[in-house]
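Trainee: I've just opened this one and don't know my way around yet. Could we go through it together?

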Amino acid sequence: MSHATPPITLTIAGSDSGGGAGIQADLKTFHAREVHGLSVIAAITSQNTRGVTAVHTVPLKHIRSQLEAVFDDFPIGAVKTGMLGSAAVTRLVARELRTRQPAWLVVDPVMISTSGARLLDEDAVTAMVDELIPLADILTPNLPEAEALLGRKLRKPEQFDRAGEALLGLGARAVLLKGGHSPEQEVVDRFYDERGVMELRYPRLPLEGHGTGCTLASAIAAELAKGRPPRSAVRRAVAYVHRALERAYQPGGGAVHVLGH
């Protein structure tokens, strides 16, 4: 007996051997949000709950062959990009996405891991700004990533709206500026689009989450693939991540918590 095919969502990102972030978190999120998940692995990290010990970028020809395999067979409803690792990979992914023109693209500009390891070359930031972000329907930086993209410090809430407008100026149709790194008592995520700003506020939980950015961007992509408009997709995704943080646990010896999907 054949069942109805769920919406199909693709992640292009790095593998996390510890299972808390990256491709592994993306696929868990897709499953939890009831979409079929596809993956293109752009990098392989050696990491656990204590940190990242090595990063290997997948050769470009293998990334290209993965992209060709999934786009040639599946009706992809939305794409999410995460850790890409290098300028060459970023340019390749941007070039393929320009050609394939998926209905929705969520760009999570992964640059630094929770443990502080740099996951994106300096040259790749330029490639992301010039080639990938202008293709994005929703860009999802945290504050350190926004600082790197804009080249300025963001310390006070009154600076965040100006940053949101500046990030929109990079070419994305909408921007979700995540507030986890903010000094504010609450976590305030700010969504900017042509209608203005939408704030999403949640209590700040006393833990350090691992994979929250990957999970959030994947949940947004899943909701877009299911037909939700961007603001609704973002609201549902943020609520999902907050619930997952409430169920977070520590699977290893490090201080970080993995989300309970």
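What follows is a chat about charged side chains and one helix.

Trainee: Before we start, what kind of model is this?
Mentor: Keep in mind where the coordinates come from. Everything we say here rests on a model that is predicted.

Trainee: Okay. How many salt bridges are there by the rule used here?
Mentor: Side chains of opposite charge can pair when their charged atoms come close. The rule asks for a side-chain nitrogen of Lys or Arg within 4 Å of a carboxyl oxygen of Asp or Glu. By that rule the count is 12.

Trainee: Let's pick one. Which residue forms a salt bridge with lysine 80?
Mentor: Start with where lysine 80 sits: in strand 4, residues 78-81. Its contacts beyond four places in sequence include Leu10, Asp26, Val106 and Cys214. One of those carries the carboxyl group, with the closest N and O atoms 2.8 Å apart. The partner is aspartate 26.

Trainee: How many residues apart in sequence are the parts that this pair ties together?
Mentor: Aspartate 26 belongs to helix 1 (residues 22-32), while lysine 80 belongs to strand 4, so the bridge ties together parts separated along the sequence. That separation is 54 residues.

Trainee: And is lysine 80 buried or exposed?
Mentor: Anything under 20% relative accessible area is called buried. Aspartate 26, its partner, has 0% and is buried. Lysine 80 also comes out at 0%, so the word for lysine 80 is buried.

Trainee: Now glutamate 96. What is the nearest side chain of opposite charge?
Mentor: Glutamate 96 lies in helix 3, residues 87-100, and touches Arg64 and Leu67 when residues up to four places away are set aside. Glutamate 96 is buried yet has no salt bridge. The nearest opposite charge is 4.1 Å away, and a salt bridge needs to be within 4 Å. That side chain is arginine 100.

Trainee: Then which residue does meet arginine 100 in a salt bridge?
Mentor: Look in the loop between helix 2 (60-71) and strand 4, 28 residues away from arginine 100. Arginine 100 is partly exposed at 29%, and the residue in the loop is exposed at 57%. Their N-to-O distance is 3.0 Å, and the partner is aspartate 72.

Trainee: What about arginine 228: which residues share its salt-bridge network?
Mentor: Arginine 228 lies in the loop between helix 7 (212-225) and helix 8 (230-246) and is partly exposed at 31%. Its side chain meets that of glutamate 223 in a salt bridge of 3.3 Å, N to O, and glutamate 223 is buried at 1%. Bridges with shared partners then join arginine 228 into one network with Arg33, Glu223 and Lys226.

Trainee: Last topic, helix 2. What distance separates its end C-alpha atoms?
Mentor: Helix 2 has 12 residues, and at 1.5 Å a residue the expected span is 16 Å. The model agrees with that, because the end C-alpha atoms are separated by 16 Å.

Trainee: How wide an arc do the buried residues of helix 2 cover?
Mentor: The buried ones are Ile63, Leu67, Val70 and Phe71. An α-helix has 3.6 residues a turn, so residues three or four places apart point the same way. The buried residues of helix 2 pack against strand 1 (8-16), strand 2 (36-48), strand 4 and helix 3. They are on the same side of helix 2, because the arc around the axis is only 95°.

Conventions
Residues are numbered from 1 along each chain as its sequence is written. This is a predicted model: local features need pLDDT of at least 70, side-chain atom pairs count only at pLDDT 80 or more; totals for chains, interfaces and linings use all residues. Side-chain values use heavy atoms; hydrogens and water are left out. Helices (H or I, at least four residues) and strands (E, at least two) are DSSP runs, numbered from the N terminus. Contact means heavy atoms within 4.5 Å. Buried means under 20% relative accessible area, exposed over 50%, partly exposed in between (1.4 Å probe, protein chains only). Lys and Arg count as positive and Asp and Glu as negative; His and the chain ends are not counted. The expected span of a helix is 1.5 Å times one less than its number of residues. The arc is that of the directions from the helix axis to the C-beta atoms.
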